Amino acid sequence: MKTNFQNRRDFIKTTSLAAASLPLFGALNSLAQDSAPKRKIGFALLGLGNLSTHQIAPALQKTKFCKLAGIVTGHPAKAEQWKVQYNIPDKNIYNYDNMDQMADNSDIDVVYVVTPNALHAGHTIKAARAGKHVLCEKPMEISVAKCQQMIDECKKAGKQLAIGYRLHFEPNNLECVRLAREKTFGDVRVIEAGFGFPIGDPTQWRLKKDLAGGGPLMDVGIYALQATRYLSGEEPVEVSATTTVTDPVKFKDIEESIVWQMKFPSGIISYNSASYKVPGIAGFKAFADRGWFGLDPAYGYGGISGQRSDGQLIQLPQVDQFAAEMDDFAQCILENRPTRVPGEEGLRDLKIMMAIYESAKTGRKISLI
Ligand code: NAD
């Protein structure tokens, strides 16, 4: 099976834009600055933690097709602070218990779900039942069944569901996909990809399996998994994995580090890693018949750059990925076309990550066909 990147015509358009000169590429980032949109899509941010506060709300201010219309929070003090900072009217401020009343609020088109992983389904379903489109952060949820339920409920409500895969809107990542698809260095045969960082606060939800669903694989390994899937343009048919824990007090619930391998239908193989222990695992490299290319760092909010075996650097402009992701979703809604990062894409990752965990647990290779 091919990934969305391979299938969708607009992706090819996007990748060729990424490969083109700087001014041309601006078309992706600014998303049609030449004409004012007929109306802006109203976003309500649900979960006002780190990501919402430091990335998404500031990014909303840079969008062309979106506006921060409302919030959903369990903390009245945060509601007050956001109300003042972003000029949000009282009628657009909700908590988790009364958010169903959003059904009557035409200011809000989209709910952006930015809570701990295991709460995504509940919040997505409430939003869909209130008649709102949903943009949900990665990982989509912590089980395949819950991802499927999210897809079904959004379909039933006739609303779109997108997953916050911001790198699908990042020029340097898109350029690497172009190099792979156009076989600039021949067929890609081997991919290495990993992401890790030493995690701090031992009390945070990311270390709790019931809220996070797993450890670094679910949180940051998902970027390495995504990169391997969009570089190969294929879905893995087999995975094997090993986990380790050297600090059983901090990592009593989840893996501390994980390495896994994947095999793809064309014969491409990958080796991947994710860690909550060590710094420096931050990129990917694709090895093809006549050379290689890759990004390191590959997955940050900025500062992404890479190299090719012919000596050229990969250094396309940095964009605000959250702004690009939200503007694209807004345009999908305005133009009634499907998102390139639908719930089904999140579900695919969950299926693979569950197989990776199963392999680590059983010591067996797990087939995905
Ligand atoms: P965070 O802990 O900073 O914020 C989580 C928010 O959820 C807080 O406002 C908290 O009050 C709220 N919340 C509601 N119910 C809760 C509960 N029962 N327990 C704990 N918190 C609860 O987390 P974050 O870093 O903002 O991450 C939120 C989501 O965004 C996660 O799914 C994460 O994977 C994702 N994320 C994505 C990116 C990205 O680059 N796309 C980066 C960071 C986080």
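A residue is taken to be near a molecule if one of its heavy atoms lies within 4 Å of it. The model described here is predicted, so local features need pLDDT of at least 70 and side-chain atom pairs count only at pLDDT 80 or more, while totals for chains, interfaces and linings use all residues. Residues are numbered from 1 along each chain as its sequence is written, and side-chain values use heavy atoms, with hydrogens and water left out.

A good place to begin is the ligand. There are 25 residues around the ligand, and those that come nearest are N50, N117, K138, R166 and W205. By class, the shell holds 11 nonpolar, eight polar and six charged residues; here Ala, Val, Leu, Ile, Met, Phe, Trp, Tyr, Cys and Pro count as nonpolar, Asp, Glu, Lys and Arg as charged, and the others, Gly among them, as polar. Domain 1 (37–166) and domain 2 (171–318 + 341–367) both contribute residues to this shell, so the ligand lies between them; the domain bounds come from an automatic or database domain assignment. At least two shell residues come from each of α4 (50–60) and α10 (216–232), where helices (H or I, at least four residues) and strands (E, at least two) are DSSP runs, numbered from the N terminus.

Polar contacts (pairs of N or O atoms within 3.5 Å) add detail to this picture. A backbone N or O atom of K138 is 2.8 Å from an oxygen atom of the ligand. On the side-chain side, an N or O atom of R206 lies 2.9 Å from a ligand oxygen, and one of H120 lies 3.1 Å from an oxygen atom of the ligand. Of the 840 Å² of accessible area that the ligand has on its own, the protein covers 80%, with areas taken from the Shrake-Rupley method with a 1.4 Å probe.

The backbone also has some features worth a look. Most residues other than glycine have a negative phi, and most peptide bonds are trans. The K138 to P139 peptide bond, however, is cis, with omega near -15 degrees, and P139 falls in the loop between β5 (133–136) and α7 (144–157). Another cis bond joins D296 to P297, with omega near 5 degrees; P297 is placed in the loop between β12 (291–295) and β13 (306–308). Finally, N87, a residue other than glycine, has a positive phi, near 55 degrees, and sits in the loop that runs between α5 (76–86) and β3 (93–94).

Key: A polar contact is a pair of N or O atoms within 3.5 Å; within protein, one must be able to donate a hydrogen and the other to accept it, and residues adjacent in sequence count only if both atoms are side-chain atoms.
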